[in-house]
Amino acid sequence: MDWLTSENLIAVVTALIGVLVSIGVAWYQWWVLRQRRIGYRIQLDTAIGSGANGAAGAATGTGAAVRRGYFNATPDLEDATLVLLRIENDGALTVAHEHYTDGDDHGLTVEFTERHVKAVVVTAPDHPRLLSHFPDTWTGPAEGAHSIALPKVPLNRGAYYKLLVLLGGGPIGAEVKVDGNIAEGRVHPTRSITPDDKPPVFSRAALSVTVGLTACVVALAAIIVREEAPPPIGCARGTLTVTGSTAFAPVAREVAKQYEKDCAGATVIVDAHGSTTGVRALDAAGKKAAAAKKGPPAVVALSDGHGPNGHPELRQTPVAVSLFALVVHDGTSVANLSREQIRGIYRGDITNWSVLGGPNLPIRLVSRNAGSGTREVFQRRVLGENEPAHSSLDCEHRDDPRARVTRCELDSTEQVLDTVARLPGAIGYGELRASGSVKGLHRVAIDGREADADTGASTGVDGPGASGYPYREIEYAYTWGEPPTGSLTAAFLAYLTRGGGQDLVRVHGHLPCATPKGLRACGDGQAF
(Lines give C-alpha, C1' and ligand atoms only; values in the text may rest on other atoms or scores of the structure.)
Protein backbone atom coordinates (compact mmCIF):
# COMPACT_ATOMS: atom_id res chain seq x y z
CA MET A 1 0.00 0.00 0.00
CA ASP A 2 2.43 2.68 -1.27
CA TRP A 3 -0.26 5.36 -1.09
CA LEU A 4 -0.66 4.96 2.67
CA THR A 5 1.67 7.78 3.67
CA SER A 6 1.18 10.23 6.54
CA GLU A 7 0.32 13.12 4.25
CA ASN A 8 -2.13 11.03 2.24
CA LEU A 9 -3.75 9.74 5.42
CA ILE A 10 -4.27 13.23 6.81
CA ALA A 11 -5.54 14.42 3.42
CA VAL A 12 -8.07 11.57 3.37
CA VAL A 13 -9.16 12.33 6.96
CA THR A 14 -9.56 16.01 6.08
CA ALA A 15 -11.60 15.13 3.01
CA LEU A 16 -13.76 12.75 5.04
CA ILE A 17 -14.41 15.43 7.66
CA GLY A 18 -15.39 17.81 4.89
CA VAL A 19 -17.71 15.26 3.30
CA LEU A 20 -19.27 14.31 6.63
CA VAL A 21 -19.79 17.95 7.56
CA SER A 22 -21.44 18.58 4.20
CA ILE A 23 -23.67 15.55 4.67
CA GLY A 24 -24.44 16.66 8.22
CA VAL A 25 -25.35 20.16 7.11
CA ALA A 26 -27.55 18.79 4.33
CA TRP A 27 -29.20 16.38 6.77
CA TYR A 28 -29.72 19.16 9.31
CA GLN A 29 -31.13 21.44 6.64
CA TRP A 30 -33.47 18.96 4.97
CA TRP A 31 -34.43 16.77 7.89
CA VAL A 32 -33.94 18.47 11.22
CA LEU A 33 -34.90 21.96 10.15
CA ARG A 34 -37.71 20.64 8.01
CA GLN A 35 -39.39 19.30 11.12
CA ARG A 36 -41.90 21.36 13.09
CA ARG A 37 -40.15 22.23 16.29
CA ILE A 38 -41.11 24.15 19.38
CA GLY A 39 -38.26 24.96 21.71
CA TYR A 40 -38.30 26.28 25.22
CA ARG A 41 -35.71 27.70 27.51
CA ILE A 42 -35.48 29.19 30.99
CA GLN A 43 -34.25 32.74 30.81
CA LEU A 44 -34.73 33.56 34.48
CA ASP A 45 -35.09 31.47 37.61
CA THR A 46 -34.54 33.58 40.70
CA ALA A 47 -35.68 33.63 44.31
CA ILE A 48 -37.88 36.33 45.77
CA GLY A 49 -38.10 34.98 49.34
CA SER A 50 -35.16 33.85 51.40
CA GLY A 51 -36.75 30.45 51.87
CA ALA A 52 -36.56 29.75 48.15
CA ASN A 53 -32.77 29.35 48.16
CA GLY A 54 -32.94 25.92 49.79
CA ALA A 55 -30.10 24.15 51.54
CA ALA A 56 -27.57 25.22 48.94
CA GLY A 57 -28.33 28.88 49.51
CA ALA A 58 -28.11 28.51 53.26
CA ALA A 59 -24.79 26.67 53.03
CA THR A 60 -23.22 29.27 50.79
CA GLY A 61 -24.73 32.24 52.61
CA THR A 62 -26.28 33.64 49.45
CA GLY A 63 -29.54 35.53 49.87
CA ALA A 64 -32.22 35.86 47.22
CA ALA A 65 -32.01 39.61 46.93
CA VAL A 66 -32.52 42.83 48.85
CA ARG A 67 -36.33 43.03 49.11
CA ARG A 68 -38.37 46.15 49.67
CA GLY A 69 -42.05 47.06 49.41
CA TYR A 70 -44.52 44.38 48.37
CA PHE A 71 -41.96 41.60 48.06
CA ASN A 72 -40.72 42.22 51.56
CA ALA A 73 -44.13 42.81 53.22
CA THR A 74 -46.03 39.83 51.83
CA PRO A 75 -45.65 36.65 53.92
CA ASP A 76 -46.78 34.42 51.03
CA LEU A 77 -43.64 35.31 49.08
CA GLU A 78 -41.24 33.91 51.68
CA ASP A 79 -40.59 30.82 49.48
CA ALA A 80 -41.48 32.42 46.12
CA THR A 81 -39.47 32.24 42.92
CA LEU A 82 -39.82 33.87 39.53
CA VAL A 83 -39.32 31.90 36.31
CA LEU A 84 -39.14 33.49 32.85
CA LEU A 85 -39.88 30.86 30.21
CA ARG A 86 -39.49 31.50 26.49
CA ILE A 87 -41.45 29.31 24.04
CA GLU A 88 -40.58 29.66 20.37
CA ASN A 89 -40.80 28.08 16.94
CA ASP A 90 -37.16 27.26 16.19
CA GLY A 91 -37.85 25.01 13.22
CA ALA A 92 -38.18 25.76 9.51
CA LEU A 93 -41.97 25.20 9.27
CA THR A 94 -44.95 27.01 10.70
CA VAL A 95 -46.74 25.39 13.64
CA ALA A 96 -50.47 25.94 13.10
CA HIS A 97 -53.42 25.38 15.42
CA GLU A 98 -54.13 21.97 13.94
CA HIS A 99 -50.56 20.73 14.45
CA TYR A 100 -51.05 20.53 18.23
CA THR A 101 -52.34 17.00 18.84
CA ASP A 102 -52.56 16.70 22.65
CA GLY A 103 -56.26 17.54 22.97
CA ASP A 104 -59.02 19.96 22.11
CA ASP A 105 -58.46 22.51 24.82
CA HIS A 106 -54.69 22.92 25.04
CA GLY A 107 -51.54 22.54 23.01
CA LEU A 108 -48.66 22.46 25.50
CA THR A 109 -48.27 21.74 29.21
CA VAL A 110 -45.64 23.40 31.39
CA GLU A 111 -44.72 21.35 34.44
CA PHE A 112 -42.91 22.68 37.52
CA THR A 113 -41.35 19.96 39.66
CA GLU A 114 -41.35 20.67 43.44
CA ARG A 115 -43.03 24.07 42.96
CA HIS A 116 -46.62 25.26 42.53
CA VAL A 117 -47.98 28.12 40.47
CA LYS A 118 -49.14 31.31 42.16
CA ALA A 119 -49.60 33.55 39.12
CA VAL A 120 -48.58 33.85 35.48
CA VAL A 121 -48.11 36.66 32.97
CA VAL A 122 -47.94 36.04 29.20
CA THR A 123 -45.95 38.52 27.06
CA ALA A 124 -45.14 38.69 23.36
CA PRO A 125 -43.16 41.90 22.86
CA ASP A 126 -42.18 41.18 19.25
CA HIS A 127 -45.36 39.34 18.30
CA PRO A 128 -48.27 41.04 20.16
CA ARG A 129 -50.90 39.32 17.99
CA LEU A 130 -50.03 36.04 19.64
CA LEU A 131 -51.72 37.30 22.84
CA SER A 132 -55.11 37.04 21.09
CA HIS A 133 -54.79 33.27 21.46
CA PHE A 134 -54.93 33.71 25.23
CA PRO A 135 -58.63 34.79 25.51
CA ASP A 136 -60.50 35.65 28.67
CA THR A 137 -61.81 32.11 28.72
CA TRP A 138 -58.26 30.91 29.38
CA THR A 139 -58.16 31.07 33.11
CA GLY A 140 -54.59 29.95 33.48
CA PRO A 141 -53.49 27.60 36.21
CA ALA A 142 -55.50 26.87 39.32
CA GLU A 143 -54.04 28.16 42.58
CA GLY A 144 -51.45 25.66 43.86
CA ALA A 145 -51.24 23.73 40.57
CA HIS A 146 -47.92 22.32 39.48
CA SER A 147 -48.55 22.85 35.77
CA ILE A 148 -49.92 25.32 33.24
CA ALA A 149 -51.97 24.20 30.24
CA LEU A 150 -51.25 26.49 27.31
CA PRO A 151 -53.63 27.06 24.38
CA LYS A 152 -52.81 26.08 20.81
CA VAL A 153 -50.87 29.17 19.80
CA PRO A 154 -49.93 29.28 16.07
CA LEU A 155 -46.29 30.16 15.69
CA ASN A 156 -44.57 31.18 12.51
CA ARG A 157 -40.90 30.44 12.12
CA GLY A 158 -38.98 32.43 14.76
CA ALA A 159 -42.14 33.61 16.58
CA TYR A 160 -42.14 33.32 20.37
CA TYR A 161 -43.92 34.31 23.53
CA LYS A 162 -42.86 34.35 27.18
CA LEU A 163 -44.34 33.28 30.47
CA LEU A 164 -43.38 35.07 33.65
CA VAL A 165 -44.47 32.66 36.38
CA LEU A 166 -44.61 33.34 40.11
CA LEU A 167 -43.97 30.04 41.93
CA GLY A 168 -43.92 28.95 45.53
CA GLY A 169 -43.04 25.96 47.59
CA GLY A 170 -39.70 25.01 46.17
CA PRO A 171 -36.09 26.06 45.56
CA ILE A 172 -34.76 27.78 42.49
CA GLY A 173 -33.34 25.47 39.85
CA ALA A 174 -36.04 22.83 40.23
CA GLU A 175 -36.91 21.20 36.94
CA VAL A 176 -39.19 23.00 34.48
CA LYS A 177 -40.45 20.96 31.56
CA VAL A 178 -42.73 21.63 28.59
CA ASP A 179 -44.59 18.67 27.07
CA GLY A 180 -46.72 18.39 24.01
CA ASN A 181 -47.19 16.52 20.75
CA ILE A 182 -46.62 18.24 17.42
CA ALA A 183 -47.60 16.62 14.14
CA GLU A 184 -44.39 15.82 12.20
CA GLY A 185 -42.39 17.57 14.85
CA ARG A 186 -41.33 17.72 18.45
CA VAL A 187 -41.01 19.85 21.58
CA HIS A 188 -37.50 20.17 22.97
CA PRO A 189 -35.46 22.26 25.39
CA THR A 190 -32.94 24.76 24.08
CA ARG A 191 -30.01 26.35 25.81
CA SER A 192 -31.00 29.22 28.06
CA ILE A 193 -29.28 32.49 27.37
CA THR A 194 -30.10 34.99 30.04
CA PRO A 195 -29.51 38.70 29.52
CA ASP A 196 -26.30 38.45 31.55
CA ASP A 197 -24.87 35.64 29.41
CA LYS A 198 -22.52 36.40 26.52
CA PRO A 199 -23.69 34.32 23.56
CA PRO A 200 -20.92 32.23 21.92
CA VAL A 201 -19.58 33.28 18.53
CA PHE A 202 -19.73 29.66 17.35
CA SER A 203 -21.95 26.83 18.40
CA ARG A 204 -20.31 23.77 19.91
CA ALA A 205 -20.80 21.78 16.71
CA ALA A 206 -19.34 24.54 14.54
CA LEU A 207 -16.42 24.99 16.92
CA SER A 208 -15.68 21.23 16.97
CA VAL A 209 -15.73 20.99 13.18
CA THR A 210 -13.57 24.12 12.83
CA VAL A 211 -11.00 22.84 15.32
CA GLY A 212 -10.93 19.40 13.66
CA LEU A 213 -10.47 20.78 10.17
CA THR A 214 -7.86 23.29 11.35
CA ALA A 215 -5.86 20.52 13.05
CA CYS A 216 -5.91 18.43 9.87
CA VAL A 217 -4.91 21.36 7.69
CA VAL A 218 -2.07 22.35 10.05
CA ALA A 219 -0.80 18.76 10.18
CA LEU A 220 -0.96 18.48 6.40
CA ALA A 221 0.82 21.81 5.99
CA ALA A 222 3.53 20.71 8.42
CA ILE A 223 4.13 17.56 6.39
CA ILE A 224 4.24 19.54 3.15
CA VAL A 225 6.71 22.03 4.65
CA ARG A 226 8.81 19.16 5.97
CA GLU A 227 8.62 17.37 2.63
CA GLU A 228 11.68 18.07 0.54
CA ALA A 229 11.16 20.00 -2.66
CA PRO A 230 11.05 17.94 -5.86
CA PRO A 231 14.56 17.17 -7.08
CA PRO A 232 16.02 19.49 -9.73
CA ILE A 233 15.88 18.46 -13.37
CA GLY A 234 18.34 15.63 -13.93
CA CYS A 235 18.21 14.53 -10.29
CA ALA A 236 16.58 11.52 -8.67
CA ARG A 237 16.18 10.25 -5.15
CA GLY A 238 17.14 6.88 -3.72
CA THR A 239 20.30 4.91 -3.03
CA LEU A 240 22.86 3.87 -5.64
CA THR A 241 26.00 1.76 -5.31
CA VAL A 242 29.04 2.48 -7.50
CA THR A 243 31.51 -0.39 -7.59
CA GLY A 244 34.37 -1.60 -9.78
CA SER A 245 37.63 0.21 -10.57
CA THR A 246 39.70 1.33 -7.60
CA ALA A 247 41.78 3.54 -9.91
CA PHE A 248 38.65 5.49 -10.88
CA ALA A 249 37.27 5.34 -7.31
CA PRO A 250 38.66 8.78 -6.25
CA VAL A 251 36.78 10.34 -9.15
CA ALA A 252 33.64 8.36 -8.35
CA ARG A 253 33.72 9.44 -4.70
CA GLU A 254 33.99 13.14 -5.55
CA VAL A 255 31.30 12.91 -8.22
CA ALA A 256 29.05 11.04 -5.77
CA LYS A 257 29.62 13.67 -3.08
CA GLN A 258 28.84 16.51 -5.49
CA TYR A 259 25.75 14.72 -6.84
CA GLU A 260 24.40 14.26 -3.31
CA LYS A 261 24.97 17.98 -2.71
CA ASP A 262 23.24 19.00 -5.95
CA CYS A 263 20.44 16.45 -5.70
CA ALA A 264 18.89 16.29 -2.25
CA GLY A 265 17.47 12.91 -1.38
CA ALA A 266 20.10 10.91 -3.28
CA THR A 267 22.64 8.63 -1.60
CA VAL A 268 25.53 7.32 -3.71
CA ILE A 269 27.77 4.72 -2.10
CA VAL A 270 31.17 4.06 -3.68
CA ASP A 271 32.38 0.55 -2.88
CA ALA A 272 35.28 -0.24 -5.23
CA HIS A 273 36.97 -3.66 -5.30
CA GLY A 274 38.39 -3.82 -8.81
CA SER A 275 36.97 -3.68 -12.32
CA THR A 276 36.36 -7.37 -12.90
CA THR A 277 34.98 -7.91 -9.41
CA GLY A 278 32.60 -4.98 -9.83
CA VAL A 279 31.27 -6.09 -13.22
CA ARG A 280 30.66 -9.61 -11.96
CA ALA A 281 28.92 -8.30 -8.82
CA LEU A 282 26.63 -6.18 -11.02
CA ASP A 283 25.81 -9.18 -13.21
CA ALA A 284 24.99 -11.30 -10.16
CA ALA A 285 22.76 -8.58 -8.70
CA GLY A 286 20.95 -8.16 -12.03
CA LYS A 287 20.25 -11.86 -12.39
CA LYS A 288 18.98 -12.05 -8.83
CA ALA A 289 16.61 -9.14 -9.40
CA ALA A 290 15.40 -10.63 -12.69
CA ALA A 291 14.71 -13.98 -11.02
CA ALA A 292 12.66 -12.20 -8.36
CA LYS A 293 10.87 -10.21 -11.10
CA LYS A 294 12.10 -6.94 -9.68
CA GLY A 295 13.49 -3.90 -11.43
CA PRO A 296 17.15 -3.57 -12.38
CA PRO A 297 19.53 -3.15 -9.44
CA ALA A 298 20.67 0.36 -8.56
CA VAL A 299 24.32 -0.47 -9.24
CA VAL A 300 26.90 1.05 -11.58
CA ALA A 301 30.14 -0.87 -12.16
CA LEU A 302 33.19 1.06 -13.41
CA SER A 303 35.78 -0.79 -15.45
CA ASP A 304 39.21 0.19 -16.75
CA GLY A 305 38.64 -0.95 -20.33
CA HIS A 306 36.08 -3.47 -21.45
CA GLY A 307 34.75 -5.71 -18.74
CA PRO A 308 35.07 -9.49 -18.80
CA ASN A 309 33.11 -11.42 -21.41
CA GLY A 310 30.04 -13.51 -20.69
CA HIS A 311 27.67 -10.82 -19.47
CA PRO A 312 25.36 -10.02 -22.40
CA GLU A 313 22.71 -8.35 -20.22
CA LEU A 314 25.09 -5.58 -19.22
CA ARG A 315 25.17 -2.27 -21.04
CA GLN A 316 28.40 -0.27 -21.24
CA THR A 317 28.72 3.50 -21.47
CA PRO A 318 32.08 5.16 -22.19
CA VAL A 319 32.87 7.68 -19.47
CA ALA A 320 36.38 8.99 -19.99
CA VAL A 321 39.85 8.25 -21.24
CA SER A 322 41.70 7.12 -18.13
CA LEU A 323 45.40 7.82 -18.04
CA PHE A 324 47.71 5.75 -15.88
CA ALA A 325 51.34 6.18 -14.93
CA LEU A 326 54.30 4.03 -14.06
CA VAL A 327 55.79 5.24 -10.75
CA VAL A 328 59.04 4.57 -8.87
CA HIS A 329 60.38 5.44 -5.43
CA ASP A 330 62.04 8.87 -5.27
CA GLY A 331 65.31 7.18 -4.30
CA THR A 332 65.43 5.83 -7.83
CA SER A 333 66.68 8.50 -10.20
CA VAL A 334 65.32 6.85 -13.34
CA ALA A 335 62.90 9.17 -15.21
CA ASN A 336 62.24 7.20 -18.40
CA LEU A 337 61.87 3.53 -19.31
CA SER A 338 61.31 1.91 -22.63
CA ARG A 339 58.67 -0.75 -22.91
CA GLU A 340 61.44 -3.26 -23.57
CA GLN A 341 63.16 -2.27 -20.31
CA ILE A 342 59.84 -2.52 -18.46
CA ARG A 343 59.30 -6.02 -19.84
CA GLY A 344 62.82 -6.94 -18.76
CA ILE A 345 62.10 -5.73 -15.22
CA TYR A 346 58.87 -7.75 -14.90
CA ARG A 347 60.39 -10.86 -16.50
CA GLY A 348 63.25 -10.79 -13.99
CA ASP A 349 65.97 -9.99 -16.55
CA ILE A 350 66.71 -6.70 -14.81
CA THR A 351 66.68 -6.89 -11.02
CA ASN A 352 68.77 -3.83 -9.98
CA TRP A 353 68.32 -0.17 -10.82
CA SER A 354 72.02 0.25 -11.42
CA VAL A 355 71.60 -1.61 -14.70
CA LEU A 356 69.33 1.21 -15.89
CA GLY A 357 71.59 4.05 -14.70
CA GLY A 358 70.02 4.29 -11.27
CA PRO A 359 71.33 3.60 -7.77
CA ASN A 360 72.42 0.23 -6.57
CA LEU A 361 69.00 -0.86 -5.29
CA PRO A 362 67.10 -4.10 -5.85
CA ILE A 363 63.95 -3.69 -7.92
CA ARG A 364 60.73 -4.52 -6.08
CA LEU A 365 57.51 -4.91 -8.06
CA VAL A 366 54.36 -3.59 -6.36
CA SER A 367 51.32 -4.72 -8.35
CA ARG A 368 47.55 -4.98 -8.18
CA ASN A 369 45.55 -8.17 -7.66
CA ALA A 370 44.14 -10.20 -10.55
CA GLY A 371 40.73 -8.45 -10.56
CA SER A 372 42.25 -5.03 -11.20
CA GLY A 373 41.42 -3.16 -14.39
CA THR A 374 44.53 -1.03 -13.93
CA ARG A 375 46.66 -4.17 -13.95
CA GLU A 376 44.84 -5.61 -16.96
CA VAL A 377 45.46 -2.39 -18.94
CA PHE A 378 49.14 -2.40 -17.88
CA GLN A 379 49.55 -6.02 -19.02
CA ARG A 380 47.75 -5.44 -22.32
CA ARG A 381 49.02 -1.97 -23.26
CA VAL A 382 52.52 -1.86 -21.79
CA LEU A 383 53.86 -5.35 -21.04
CA GLY A 384 52.14 -7.19 -23.83
CA GLU A 385 51.99 -10.18 -21.52
CA ASN A 386 50.87 -11.16 -18.00
CA GLU A 387 52.78 -10.18 -14.91
CA PRO A 388 54.72 -12.92 -13.12
CA ALA A 389 53.31 -14.66 -10.06
CA HIS A 390 53.56 -12.84 -6.76
CA SER A 391 56.47 -13.91 -4.58
CA SER A 392 56.28 -11.61 -1.56
CA LEU A 393 53.73 -10.85 1.13
CA ASP A 394 55.38 -7.67 2.45
CA CYS A 395 56.59 -6.39 -0.96
CA GLU A 396 60.16 -6.20 0.40
CA HIS A 397 61.37 -9.76 0.91
CA ARG A 398 61.12 -12.59 -1.57
CA ASP A 399 59.22 -15.50 -0.04
CA ASP A 400 59.86 -17.90 -2.94
CA PRO A 401 63.60 -18.35 -3.61
CA ARG A 402 62.82 -19.79 -7.03
CA ALA A 403 61.12 -16.59 -8.18
CA ARG A 404 63.17 -14.26 -10.39
CA VAL A 405 61.52 -11.10 -9.06
CA THR A 406 60.30 -9.72 -5.74
CA ARG A 407 56.65 -9.01 -6.47
CA CYS A 408 53.59 -8.44 -4.26
CA GLU A 409 49.90 -7.88 -5.03
CA LEU A 410 47.72 -5.31 -3.28
CA ASP A 411 43.99 -4.61 -3.28
CA SER A 412 43.82 -0.98 -4.37
CA THR A 413 45.61 1.77 -6.24
CA GLU A 414 46.04 3.73 -3.00
CA GLN A 415 47.85 0.80 -1.39
CA VAL A 416 50.17 0.43 -4.40
CA LEU A 417 51.13 4.10 -4.42
CA ASP A 418 51.67 4.27 -0.66
CA THR A 419 53.88 1.17 -0.75
CA VAL A 420 56.01 2.45 -3.66
CA ALA A 421 56.51 5.74 -1.82
CA ARG A 422 57.58 3.89 1.32
CA LEU A 423 59.77 1.15 -0.12
CA PRO A 424 63.19 2.03 -1.72
CA GLY A 425 63.65 0.47 -5.14
CA ALA A 426 59.92 -0.12 -5.63
CA ILE A 427 58.11 0.29 -8.93
CA GLY A 428 54.36 0.23 -9.48
CA TYR A 429 51.50 1.88 -11.36
CA GLY A 430 48.31 3.78 -10.76
CA GLU A 431 45.86 6.38 -11.94
CA LEU A 432 47.62 9.46 -13.32
CA ARG A 433 46.38 12.22 -11.04
CA ALA A 434 46.51 10.04 -7.91
CA SER A 435 50.13 9.13 -8.65
CA GLY A 436 51.07 12.80 -8.69
CA SER A 437 49.63 13.53 -5.26
CA VAL A 438 51.69 11.04 -3.24
CA LYS A 439 54.98 12.19 -1.75
CA GLY A 440 57.96 9.86 -1.99
CA LEU A 441 57.50 8.74 -5.59
CA HIS A 442 57.60 10.16 -9.12
CA ARG A 443 56.23 9.23 -12.51
CA VAL A 444 58.30 7.59 -15.20
CA ALA A 445 57.89 8.35 -18.90
CA ILE A 446 57.30 5.36 -21.17
CA ASP A 447 59.32 5.33 -24.38
CA GLY A 448 59.96 9.02 -23.78
CA ARG A 449 56.25 9.83 -23.68
CA GLU A 450 54.33 11.37 -20.80
CA ALA A 451 50.57 11.49 -20.44
CA ASP A 452 48.69 14.73 -21.09
CA ALA A 453 45.51 14.89 -19.04
CA ASP A 454 44.09 17.70 -21.20
CA THR A 455 44.14 15.74 -24.44
CA GLY A 456 44.27 12.14 -23.31
CA ALA A 457 47.32 11.85 -25.54
CA SER A 458 51.02 12.38 -24.86
CA THR A 459 53.80 14.90 -24.69
CA GLY A 460 57.38 14.12 -25.44
CA VAL A 461 59.07 12.53 -28.43
CA ASP A 462 55.88 12.47 -30.52
CA GLY A 463 55.06 16.13 -29.90
CA PRO A 464 52.12 17.65 -28.05
CA GLY A 465 48.74 16.01 -28.67
CA ALA A 466 50.09 12.82 -30.17
CA SER A 467 48.36 9.61 -29.16
CA GLY A 468 51.48 7.50 -28.66
CA TYR A 469 51.32 7.28 -24.87
CA PRO A 470 50.51 3.61 -24.28
CA TYR A 471 49.29 3.41 -20.72
CA ARG A 472 45.72 4.63 -21.13
CA GLU A 473 42.32 3.10 -21.55
CA ILE A 474 38.66 4.03 -21.81
CA GLU A 475 36.80 3.93 -18.53
CA TYR A 476 33.41 2.29 -18.94
CA ALA A 477 30.35 2.38 -16.74
CA TYR A 478 28.27 -0.80 -16.77
CA THR A 479 24.60 -1.09 -15.87
CA TRP A 480 22.08 -3.92 -15.95
CA GLY A 481 20.43 -3.18 -19.28
CA GLU A 482 19.19 0.33 -20.09
CA PRO A 483 18.54 2.20 -16.82
CA PRO A 484 14.85 3.21 -16.49
CA THR A 485 14.15 6.84 -17.29
CA GLY A 486 13.93 8.87 -14.11
CA SER A 487 15.85 6.31 -12.05
CA LEU A 488 18.80 7.28 -9.89
CA THR A 489 21.01 5.01 -11.99
CA ALA A 490 20.13 6.88 -15.20
CA ALA A 491 20.38 10.30 -13.53
CA PHE A 492 23.78 9.63 -11.95
CA LEU A 493 25.17 8.12 -15.15
CA ALA A 494 24.08 11.21 -17.10
CA TYR A 495 25.61 13.44 -14.42
CA LEU A 496 28.89 11.51 -14.62
CA THR A 497 29.18 11.36 -18.41
CA ARG A 498 27.49 14.57 -19.60
CA GLY A 499 26.66 16.72 -16.56
CA GLY A 500 28.46 18.42 -13.73
CA GLY A 501 30.59 15.38 -13.04
CA GLN A 502 32.73 16.02 -16.15
CA ASP A 503 34.66 18.81 -14.41
CA LEU A 504 35.59 16.47 -11.58
CA VAL A 505 36.59 13.77 -14.06
CA ARG A 506 38.91 16.27 -15.76
CA VAL A 507 40.36 17.48 -12.44
CA HIS A 508 41.50 13.93 -11.69
CA GLY A 509 43.44 13.72 -14.93
CA HIS A 510 40.88 11.89 -17.06
CA LEU A 511 39.46 13.15 -20.35
CA PRO A 512 35.63 12.99 -20.48
CA CYS A 513 34.38 11.19 -23.57
CA ALA A 514 31.58 13.73 -24.00
CA THR A 515 34.01 16.60 -24.70
CA PRO A 516 35.15 17.35 -28.27
CA LYS A 517 38.65 16.08 -27.54
CA GLY A 518 37.24 13.15 -25.65
CA LEU A 519 35.03 12.15 -28.57
CA ARG A 520 38.10 11.86 -30.79
CA ALA A 521 40.05 9.99 -28.13
CA CYS A 522 37.24 7.58 -27.28
CA GLY A 523 36.35 7.11 -30.95
CA ASP A 524 34.18 4.08 -31.41
CA GLY A 525 35.01 2.68 -27.99
CA GLN A 526 38.70 1.97 -28.56
CA ALA A 527 41.34 4.08 -26.81
CA PHE A 528 43.87 3.37 -29.54
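**A walk through the predicted structure**

In helix 5, the buried residues are Ala249, Pro250, Val251, Ala252, Val255, Ala256 and Tyr259. The model that shows this arrangement is a predicted one. Several elements take part in covering the buried residues of helix 5, including strand 9 (238-244), strand 10 (266-272) and strand 11 (299-304), together with helix 9 (413-422), helix 11 (488-497) and helix 12 (501-507). The length of helix 5 (residues 249-262) can be checked as well: at 1.5 Å a residue, its 14 residues should span 20 Å, and the end C-alpha atoms are 20 Å apart, so the two values agree.

Helix 11, one of the elements that cover helix 5, is itself mostly covered, with eight of its ten residues buried. These buried residues are Leu488, Thr489, Ala491, Phe492, Leu493, Tyr495, Leu496 and Thr497.

For the protein chain as a whole, the secondary structure amounts to 13 helices and 21 strands. The chain has 528 residues, of which 45% count as buried. If one takes the contacts between residues at least 6 apart in sequence, 77% join residues at least 24 apart.

The strands may be considered next. Strands of a sheet pair through backbone hydrogen bonds, in either a parallel or an antiparallel sense. One open sheet consists of five strands in the order 4-6-2-1-8, and its pairing is mixed. Strand 4 and strand 8 (185-189) are the edge strands, each pairing on one side only. On average, neighbouring strands of this sheet are turned by 20 degrees against each other, direction ignored. Within the order, strand 1 (residues 36-47) and strand 2 (residues 81-89) run antiparallel and are joined by nine bridges. Glycine 39 has glutamate 88 of strand 2 standing opposite.

Another antiparallel pairing, over four bridges, is that of strand 3 (residues 108-112) with strand 7. Valine 110 has valine 178 in strand 7 as its bridge partner. In a regular strand the side chains alternate between the two faces of the sheet. Strand 7 (residues 176-179) has a covered face formed by Val176 and Val178, while Lys177 and Asp179 make up the uncovered one. Valine 178 thus appears both in the bridge to valine 110 and on the covered face of strand 7.

Aromatic rings supply a further set of contacts. Ten aromatic pairs are counted in the model. In one of them, phenylalanine 134 and tyrosine 161 meet edge-to-face, at 5.4 Å centre to centre and with 70 degrees between the planes. Because phenylalanine 134 lies in the loop between strand 4 (116-123) and strand 5 (147-150), and tyrosine 161 in strand 6 (residues 160-168), this pair ties together parts that are 27 residues apart in sequence. Both partners are buried: phenylalanine 134 has a relative accessible area of 12%, and tyrosine 161 one of 1%. A tilted pair is formed by tyrosine 476 and tyrosine 478, with 6.4 Å centre to centre and 55 degrees between the planes. Tyrosine 476 and tyrosine 478 are buried too. Elsewhere, ring pairs link Phe324, Tyr346, Phe378, Tyr429 and Tyr471 into a cluster.

A charge is also found over a ring: the charged end of arginine 86 sits over tyrosine 160, 3.7 Å from the centre of its ring.

Definitions and conventions. Residues numbered from 1 in each chain as written. Predicted model: local features only at pLDDT ≥ 70, side-chain atom pairs only at ≥ 80, totals over all residues. Heavy atoms only, no water. Phe/Tyr/Trp six-rings, centres within 6.5 Å; stacked < 30°, edge-to-face > 60°. Helix = DSSP H or I, 4+ residues; strand = E, 2+ residues; numbered from the N terminus. Buried < 20%, exposed > 50% of the residue type's maximum accessible area, 1.4 Å probe, protein only. Lys NZ or Arg CZ within 6 Å of the ring centre and 35° of its normal. Expected span 1.5 Å × (residues − 1). Contact = heavy atoms within 4.5 Å. Pairing = 2+ DSSP bridges. Axes fitted to C-alpha atoms, helices over the stretch in contact; angles between N-to-C directions.
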